[in-house]
Amino acid sequence: MTSVSAQEAFIPLARPLLGEEEAQAASRTIMSGWVMQGPQVAAFETEFAAYVGADHACAVSSCTTALHLGLIAVGVVPGDEVVTVSHSFVATANSVRYCGATPVFVDIEPGTFNIDPALVERVITPRTRAILVVHQMGMPCDLAEIVRIARSRGLAVVEDCACAVGSEILWDGQWQRIGRPQGDVACFSFHPRKVITTGDGGMITTNRGDWDERFRLLRLHGMSQSTAQRHGSPTVTFESYDVFGYNFRMTDIQAAIGREQLKRLPGIVERRRALADRYRRLLADIPGLVLPEEPAWARSNWQSYCVRLPDGCDQRQVMQELLDQGIATRRGIMAAHREPVYRTEPWSCGSGPGACGCAAGTCARLVESERAQDRTIVLPLFPQLTDAEQDRVAEALRASCLLCP
Ligand SMILES: *Cc1c(COP(=O)(O)O)cnc(C)c1O
């Protein structure tokens with residue numbers, strides 16, 4: 001294959017599904033003259049809440065800011081501890097630190113890449129305020145068990161659903177969408193690497209009206225009156241600033257795009273599931289390759305398809321061999337505790353009895369988190385991926401795995 005044809009046939013890891021509808025929605029909003037948080041944001045919130053089945057949805061600037069507000073709402077204050085995973089994008093743990101609290105990391109289950117509920121109870125201390133779970137790569141975590149532990153210990157459950165819009169969980173015998181929420185607060189991302197996108201953007205869902213009001217206050221500088229209230233008022237009014245707030249707003253241009261993305265979402269999830277099924281069939285017989293598990297109570301949206309390489313394979317070499325054939329991959333999810341910004345913190349491996357007990361920046365008990373980062377790769381999966389392209393990925397991976405010592 002010449003480099004030119006390889007270039008033409010390049011298969012990226014992911015590609016957002018955006019089209020004329022999104023472009024026109026953005027254009028209409030711009031021409032309307034109202035581009036900041038306004039009628040489009042309000043409509044997007046209503047439609048998103050209806051989709052996931054939540055009472056309230058509040059749009060914000062990203063999932064990171066959603067997590068920050070979610071943790072504030074459930075009462076996380078400086079000095080608290082929040083039980084979470086290291087095996088996630090760094091924003092998960094960072095959101096705990098924005099509150100002045102300490103993330104206490106527990107390990108993951110190797111098959112689903114999600115928090116291992118069996119490890120949670122032993123790190124709970126009198127300072128623990130909340131459990132921050134991640135539905136990693138769109139796969140619902142064992143939320144029933146987490147919520148059971150949280151309720152019995154008086155803790156809140158915040159869900160990092162950055163990747164999980166459209167995923168489902170079996171709850172009280174019924175399939176429900178992630179974000180209802182089954183915990184207390186759920187936070188979504190609309191970054192282009194996720195399943196639907198508004199460029200940047202996020203959403204917080206909850207069934208508590210008082211928390212939803214709090215989110216609306218905090219995303220707008222703690223301002224007592226919203227922009228719409230002041231704009232529509234027939235009498236002169238002065239706002240006040242009663243609480244310490246932030247600028248975490250979403251724009252109306254983003255929300256207009258989000259509303260079009262929401263219309264596409266059912267089709268996107270259906271295509272992703274079909275592609276995941278195809279990967280399962282195409283890759284099933286590669287010796288030593290381990291495919292992701294979908295528990296009986298979970299239906300993933302397959303935001304990412306992450307495979308564990310056979311023992312003899314070198315992660316970087318397999319990725320390079322695929323890249324040489326015009327196929328992009330990424331290594332598995334990062335582990336925050338291994339990064340300098342976490343490694344150097346004295347508390348970085350948790351502080352409760354039986355927490356992972358690190359010395360000099362090593363965290364021996366997060367074995368599966370580290371192994372997942374070192375031994376897995378994420379394969380291309382996006383709605384526009386053709387069956388023929390997917391066949392090419394599977395064949396290239398097969399050839400590479402068979403070459404491993
Ligand atoms: C992407 C991601 C985030 C951050 O989302 P932003 O919208 O980019 O802030 C947080 N948590 C997880 C698990 C993610 O994958």
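This is a conversation between a trainee and a mentor about a predicted model.

Trainee: Let's begin with the ligand. How do you know that Thr-64 makes a polar contact with the ligand?

Mentor: An oxygen atom of the ligand is 2.5 Å from an N or O atom in the Thr-64 side chain. The cut-off for a polar contact is 3.5 Å, so the pair qualifies.

Trainee: What makes Asp-160 and Ser-189 polar contacts of the ligand too?

Mentor: For Asp-160, a side-chain N or O atom is 2.7 Å from a nitrogen atom of the ligand. For Ser-189, a polar side-chain atom lies 2.7 Å from a ligand oxygen. Both pairs are therefore within the 3.5 Å limit. The protein also covers 91% of the 390 Å² of accessible area that the ligand has on its own.

Trainee: Which residues are closest to the ligand, and how many surround it?

Mentor: There are 15 around the ligand, and the closest are Cys-63, Thr-64, Asp-160, Ser-189 and Lys-194. Helix H4 (63-73) and helix H5 (90-98) each supply at least two residues of that shell. The ligand takes the space of the largest pocket.

Trainee: How is the shell around the ligand divided by class?

Mentor: The shell has 6 nonpolar, 7 polar and 2 charged residues. Asp and Lys count as charged, so Asp-160 and Lys-194, both among the closest residues, belong to the charged class.

Trainee: Now the strands. Why are E6 and E7 called a pair?

Mentor: Pairing takes at least two bridges. Strand E6 (residues 168-171) and strand E7 (residues 174-177) have 4 bridges in the antiparallel sense, so they pass. Among the partners, Trp-171 is bridged to Gln-174, and Ile-169 stands opposite Gln-176.

Trainee: What lies between E6 and E7 in the hairpin?

Mentor: The hairpin has 2 residues between its strands, and Asp-172 in the turn has a positive phi of about 50°.

Trainee: Why are E7 and E10 called edge strands?

Mentor: The open sheet has 3 strands in the order E7-E6-E10, with antiparallel pairing. E7 and strand E10 (298-299) each pair on one side only, and that makes them the edges.

Trainee: How do you know that the peptide bond between Arg-180 and Pro-181 is cis?

Mentor: Look at omega, which is about -15° for that bond. Pro-181 is found in the loop between E7 and strand E8 (185-189).

Trainee: And what is notable about the phi of Met-137?

Mentor: The Met-137 phi is positive, about 55°, although the residue is not a glycine. Met-137 is found in the loop between strand E4 (128-134) and helix H6 (143-153).

Terms used. Residues numbered from 1 in each chain as written. Predicted model: local features only at pLDDT ≥ 70, side-chain atom pairs only at ≥ 80, totals over all residues. Heavy atoms only, no water. Near = heavy atom within 4 Å. Polar contact = N/O pair within 3.5 Å; in protein donor to acceptor, adjacent residues only side chain to side chain. Areas by Shrake-Rupley, 256 points an atom, 1.4 Å probe, with all protein chains shown as cover. 1 Å grid on protein atoms, 1.4 Å probe; cavity = no way out; pocket = protein on both sides within 12 Å on 5 of 7 lines; lining within 4 Å. Sits in = over half its atoms within 2 Å of the grid points.
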